[in-house]
Amino acid sequence: MSEKTLHRSVCEYLRYHYPHVLFNTDLSGSMKLTIGQAKALKSLRSNRGWPDIFIAEPRGGFAGMFLELKVEGRIPNTPHVKEQREMIEKLNKKGYFAFMASGFDQAKKVIDEYLKLPL
């Protein structure tokens, strides 16, 4: 499964199983952008490494959930993944639940666990 397919599957899962949940997604990381488009997108963010999905539902004392999606298997140790891990750490310190999921099953499990937390 490609990251693009994984991303779409997780969004479909959220829409079907949690229709009341507000979420936003950013698929630009897996898209082929022109240099101009990439520069424009970069100028609209504070920094790199933002997770793929934001679930705007406070639960269990967290302000919301950020989820970075990776295809199932070993998560590569690249500079970009390092930036993503650092961003997840920063978001956790700011009171969000942020997590890097490997594959659909892990993403589904962590979403279900998070959304079952008390308000």
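Entry 1, the whole chain. I count a residue as buried when its relative accessible area is under 20%, and with that cut-off I looked at this predicted model and found that buried residues make up 33% of the 119 residues in the protein. I then listed the secondary structure, which comes to four helices and four strands, and reading along the sequence I wrote down the pattern α-β-α-β-β-α-β-α. Turning to contacts between residues with a separation of 6 or more, I noted that 70% of them join residues 24 or more positions apart.

Entry 2, helix H1 beside helix H4. I looked up how helix H1, residues 3-17, lies against helix H4, residues 104-115, and found that their axes come within 10 Å and cross at roughly 30 degrees. Since angles under 35 degrees count as roughly parallel, I recorded H1 as roughly parallel to H4, and I added that H1 passes H4 in a right-handed crossing. On the H1 side of this contact I found Leu6, Ser9, Val10, Tyr13 and Leu14, which meet Phe104, Ala107, Lys108, Ile111, Asp112 and Leu115 of H4. Sorting the residues of this contact by character, I obtained eight nonpolar, one polar and two charged.

Entry 3, helix H4 by itself. I checked the length of H4, whose twelve residues should span 16 Å at 1.5 Å a residue, and the C-alpha atoms at its ends are 16 Å apart, so the two values agree. The residues of H4 that I found buried are Ala107, Val110, Ile111, Asp112, Tyr114 and Leu115, and I saw that these buried residues pack against H1 and also against strand E2 (53-55), strand E3 (65-70) and strand E4 (97-102).

Entry 4, Phe97. I placed Phe97 in strand E4 and, leaving aside its neighbours within four places in sequence, I listed its contacts as Phe62, Gly64, Met65, Phe66, Asn92, Val110 and Tyr114. Val110 and Tyr114 in that list are also among the buried residues of H4. I also looked up Phe54, which is 43 residues from Phe97 along the chain, and found that the C-alpha atoms of the two are separated by 9.9 Å.

Entry 5, Pro51. I found Pro51 in the loop between helix H2 (35-43) and E2, and I asked myself whether Pro51 is buried or exposed. The relative accessible area of Pro51 is 7%, and because buried means under 20%, I entered Pro51 as buried. Not counting residues up to four places away in sequence, Pro51 touches Phe66, Leu67, Glu68, Met87, Ile88 and Leu91. My last look-up paired Pro51 with Phe99, 48 residues apart along the chain, and gave a separation of 8.4 Å between their C-alpha atoms.

Notes
Residues numbered from 1 in each chain as written. Predicted model: local features only at pLDDT ≥ 70, side-chain atom pairs only at ≥ 80, totals over all residues. Heavy atoms only, no water. Axes fitted to C-alpha atoms, helices over the stretch in contact; angles between N-to-C directions. Parallel < 35°, antiparallel > 145°, perpendicular 65-115°, else oblique. Left-handed = near helix turned anticlockwise from the far one by under 90°. Contact = heavy atoms within 4.5 Å. Nonpolar A, V, L, I, M, F, W, Y, C, P; charged D, E, K, R; others polar. Expected span 1.5 Å × (residues − 1). Buried < 20%, exposed > 50% of the residue type's maximum accessible area, 1.4 Å probe, protein only.
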